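The paragraphs below walk through one protein model, beginning with its sheet and ending with a few single residues. Please keep the structure open while reading.

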Amino acid sequence: MNIIGVYSIKGGVGKTATTVNLAYLAAEAGHRTLVWDLDPQGAASYFFRIKPRVKGGSRGLLRGKRSPDDAIKGTDFEGLDLLPADFSYRNMDILLQGAKKKPVEQLRRLLKPFVKEYDLVFFDCPPSISLMSENIFRAADALLVPLIPSTLSARTLAQLLDFLKTEDGFGALRVLPFFSMVDVERALHTETIERLSAEHPEILPAVIPLAPEVERMGLHRMPLPAYAPSNAAAGAYRALWDEVATAL
């Protein structure tokens, strides 16, 4: 089982759209796939038409009163399941701090029973660096990091890489940045892509455009490649999925 965290310190960079579309493409390719919507806003759950609620909430999961298996829901797509968001996830850091042992390894512990059930797990991550983030970093095999081609987005990538270098236990974690919400007609975007790609050779070649059809996912409430497979943005997500699959 490979675990991929779709993560950024910065919000509004396309994490949820990436999670939903890549998870759909993974399932379409025959991988048994689970999305865990860790963001209390519940956008990934919304896209899959599933109520963002977990009985017992985050406390029930972390204290062992509820099994994650009881909360998993099937989506409309074969081979693709969802562990929904819950508004109580906003208190996850407090609950993790109260764990009796190994507070940074609780997500990994919760996923152990699913090793033989799923090939891929995607985390749709909230934007922060916190105890919850450290749990994500220790559970994941790779972090897929969306970057808007801007100075602030580049700064958040540098902050993330610096943090991972200074903390123990993240040596095997692969960081896979890629450019998201790109307007190819903006000179600043193209210039920033060229500069950052030269500075960070680990950045994946696939580029996700700033496209109206991606925004319409909220209206259709389903993955873009499922309802508009020939759309250029859907093709960009397919290219990104191919690169992630190869990297893993």
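In what order do the eight strands of the open sheet stand, and how is the pairing described? This is a predicted model, and in it the order is S3-S4-S2-S5-S1-S6-S7-S8, with mixed pairing. S3 (73-74) and S8 are at the edges; each has a single partner strand, so one side of each is left without a neighbour in the sheet. At the S3 edge, two bridges pair S3 with strand S4 (residues 80-83) in the antiparallel sense. One residue pair there is Lys73 with its bridge partner Leu82 in S4.

Further along the sheet, strand S1 (residues 2-6) runs parallel to S6, and three bridges join the two. Val6 has Leu144 of S6 as its bridge partner. S6 also pairs with S7, again in the parallel sense, over six bridges. Here Leu143 stands opposite Val175 in S7.

How many of the six residues of strand S6 (residues 142-147) are buried? Six of the six are, and the strand is mostly covered. The burial applies to both faces: Ala142, Leu144 and Pro146 are buried on one side, and Leu143, Val145 and Leu147 are buried on the other.

Leu143 leads from the sheet to its packing partners. Setting aside residues up to four places away in sequence, Leu143 touches Gly5, Tyr7, Ile136, Phe137, Leu160, Leu164, Leu173, Arg174, Val175 and Leu176. Some of these names return in the packing of the interior. In soluble globular proteins, nonpolar side chains tend to be buried together. The largest nonpolar core of this model has 48 residues, and the members that touch the most others are Trp36, Phe123, Ile136, Phe137, Leu143 and Leu164. Helix H8 (residues 151-166) supplies the largest share of this core, six residues. Another core, of 40 residues, lies apart from it and includes Leu120, Phe178, Leu204 and Leu224.

Thr18 in helix H1 is another residue to follow. Is Thr18 buried or exposed? Its relative accessible area is 0%, and because buried means under 20%, Thr18 counts as buried. Beyond its neighbours within four places in sequence, Thr18 is in contact with Val6, Leu144, Phe178, Tyr237 and Leu240. Val6 and Leu144 are also the bridge partners described above for S1 and S6.

Helix H1 comes up again at the pockets. Rolling a probe the size of a water molecule over the atoms shows where empty space is left. The largest pocket has a volume of about 460 Å³. It is lined by 25 residues, of which Val13, Gly14, Lys15, Thr16 and Ala17 are the closest to its centre. Two or more lining residues come from each of helix H1 (15-28), helix H2 (43-47), strand S7 (174-182), strand S8 (207-209), helix H10 (212-215) and helix H11 (217-220). H1 gives the most, with three residues. By class, the lining has 14 nonpolar, seven polar and four charged residues.

The second largest pocket holds about 270 Å³ of space. Among its 12 lining residues, Ala99, Lys101, Lys102, Gln106 and Arg109 are the closest to the centre. Helix H6 (residues 106-111) contributes the largest share of this lining, three residues. The lining by class is two nonpolar, two polar and eight charged residues.

Three partly exposed residues remain. Asp69 lies in helix H4 (residues 68-71) and has a relative accessible area of 42%. Asp69 touches Phe114 and Glu117, not counting residues up to four places away in sequence. How far apart in space are Asp69 and His189? The C-alpha to C-alpha distance is 43 Å, with these positions 120 residues apart in sequence numbering.

The other two residues are noted for their backbone. Arg49 is not a glycine, yet has a positive phi of about 60 degrees. Arg49 sits in the loop between H2 and helix H3 (57-62) and is partly exposed, at 48% relative accessible area. Arg221, also not a glycine, has a positive phi of about 55 degrees. Its place is the loop between H11 and helix H12 (224-227), and Arg221 is partly exposed with a relative accessible area of 26%.

Key
Residues numbered from 1 in each chain as written. Predicted model: local features only at pLDDT ≥ 70, side-chain atom pairs only at ≥ 80, totals over all residues. Heavy atoms only, no water. Core = buried A, V, L, I, M, F, W, Y, C linked by side-chain atoms within 4.5 Å. Buried < 20%, exposed > 50% of the residue type's maximum accessible area, 1.4 Å probe, protein only. Helix = DSSP H or I, 4+ residues; strand = E, 2+ residues; numbered from the N terminus. Contact = heavy atoms within 4.5 Å. 1 Å grid on protein atoms, 1.4 Å probe; cavity = no way out; pocket = protein on both sides within 12 Å on 5 of 7 lines; lining within 4 Å. Points joined across faces, edges and corners; volume = space filled by probe spheres on them. Nonpolar A, V, L, I, M, F, W, Y, C, P; charged D, E, K, R; others polar. Pairing = 2+ DSSP bridges.
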